[in-house]
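Biologist: I'm new to this structure and would like a close look at one part of it. Please pick a spot, tell me what surrounds it, and then follow the contacts outward from there.

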Amino acid sequence: MRPVNDAESITLKNAWGGFNPVKRQRFEITAEDIGHTRPHYRGHNYSAYTFTHRDVGKQISCMNENNDGTSGWTCWVFAD
């Protein structure tokens with residue numbers, strides 16, 4: 001995957017109505033990603049997704065809790 005932007009720190013509302021600081025970054029899917037599986041699609045521990053040739057050129061947004069990218073939850077979705 002190719003980074004589209006630098007990681008940014010933002011605050012998002014969680015499922016319980018509270019607010020969490022998160023790190024968010026967008027990536028573009030490349031041909032090298034075909035067949036690779038990423039966990040946490042549409043939610044932490046929710047499901048995994050394997051990229052196909054139809055995904056090349058699309059963008060995904062990856063979010064990590066705690067802004068350090070190493071702890072807490074991870075989630076990603078296809079970007080708008």
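Modeller: Let's start at H40, which counts as buried because its relative accessible area is 16%, and the cut-off for buried is under 20%. Keep in mind that this is a predicted model. You'll find H40 in the loop between strand 4 (37-38) and strand 5. Its backbone has a quirk too: the phi angle of H40 is near 70°, a positive value in a residue that isn't glycine.

Now look across from H40 to W76. Along the sequence these two are 36 residues apart, yet in space their C-alpha atoms are 6.5 Å from each other. W76 is a handy stepping stone, since it belongs to an aromatic cluster made up of Y41, Y49, F51, W76 and F78.

Aromatic pairs come up 8 times in this model. Take Y49 and F51, which meet edge-to-face, with 5.7 Å between the ring centres and 65° between the planes. The edge-to-face label fits because the angle is over 60 degrees. The two partners don't share the same surroundings: Y49 is partly exposed, at a relative accessible area of 22%, while F51 is buried, at 2%.

F51 also pairs with W76, and here the rings are tilted, 5.6 Å from centre to centre with 45° between the planes. F51 sits in the loop between strand 5 (49-50) and strand 6 (59-65), whereas W76 is part of strand 7 (residues 74-78), so this contact ties together parts of the chain that are 25 residues apart in sequence. Both of these partners are buried.

While we're in that loop, have a look at T52, which also lies between strand 5 and strand 6. Unlike its buried neighbour F51, T52 is partly exposed, with a relative accessible area of 29%. From T52 to R38 you go 14 residues along the sequence and 12 Å through space, C-alpha to C-alpha.

Back to the cluster, and to F78. The charged end of K58 sits over the ring of F78, 5.3 Å from the ring's centre. K58 itself is partly exposed, because its relative accessibility is 38%. And K58 has another contact: a salt bridge with D55, where the closest N and O atoms are 3.7 Å apart. D55 is buried, at 2% relative accessibility, so this salt bridge joins a buried residue to a partly exposed one.

That contact opens the door to the other charged pairs, as the structure holds 3 salt bridges. Another is between R2 and E28, whose side chains meet at 2.6 Å, N to O. R2 is in strand 1 (residues 2-3) and E28 in strand 3, so the bridge connects parts that are 26 residues apart in sequence. Both ends are partly exposed: R2 has 41% relative accessibility, and E28 has 21%.

Strand 3 also takes part in the bridge between E8 and R24, with the closest N and O atoms 2.9 Å apart. This pair links distant parts of the chain, since E8 is in strand 2 and R24 in strand 3, 16 residues away. Here too the ends are partly exposed, with E8 at 30% relative accessibility and R24 at 29%.

Strands 2 and 3 lead us to the last stop, the largest pocket. How do you find such a space? Rolling a probe the size of a water molecule over the atoms shows where empty space is left. The largest pocket comes out at about 190 Å³ in volume. Strand 2 (8-13) and strand 3 (19-28) each give at least two residues to its lining. The full lining is L12, K13, N14, A15, W16, N20, V22, M63 and W73. Sorted by class, that makes 6 nonpolar residues, 2 polar and 1 charged.

So, to retrace the walk: we began at buried H40, crossed to W76, and met the aromatic cluster that W76 belongs to. From F78 in that cluster we picked up K58, whose salt bridge with D55 took us on to the other charged pairs and finally to the pocket.

Technical notes:
Residues are numbered from 1 along each chain as its sequence is written. This is a predicted model: local features need pLDDT of at least 70, side-chain atom pairs count only at pLDDT 80 or more; totals for chains, interfaces and linings use all residues. Side-chain values use heavy atoms; hydrogens and water are left out. Rings of Phe, Tyr and Trp (its six-membered ring) pair if their centres lie within 6.5 Å; planes under 30 degrees apart count as stacked, over 60 as edge-to-face and the rest as tilted. Buried means under 20% relative accessible area, exposed over 50%, partly exposed in between (1.4 Å probe, protein chains only). Helices (H or I, at least four residues) and strands (E, at least two) are DSSP runs, numbered from the N terminus. A charge sits over a ring if NZ of Lys or CZ of Arg is within 6 Å of the ring centre and within 35 degrees of the ring normal. On a 1 Å grid over the protein atoms alone, a cavity is a set of points where a 1.4 Å probe fits but cannot get out, and a pocket is an open set with protein on both sides within 12 Å along at least five of seven lines; lining residues have an atom within 4 Å of a point. Grid points are joined across faces, edges and corners, and a volume is the space filled by probe spheres set on the points. Ala, Val, Leu, Ile, Met, Phe, Trp, Tyr, Cys and Pro count as nonpolar, Asp, Glu, Lys and Arg as charged, and the others, Gly among them, as polar. A salt bridge is a side-chain nitrogen of Lys or Arg within 4 Å of a carboxyl oxygen of Asp or Glu.
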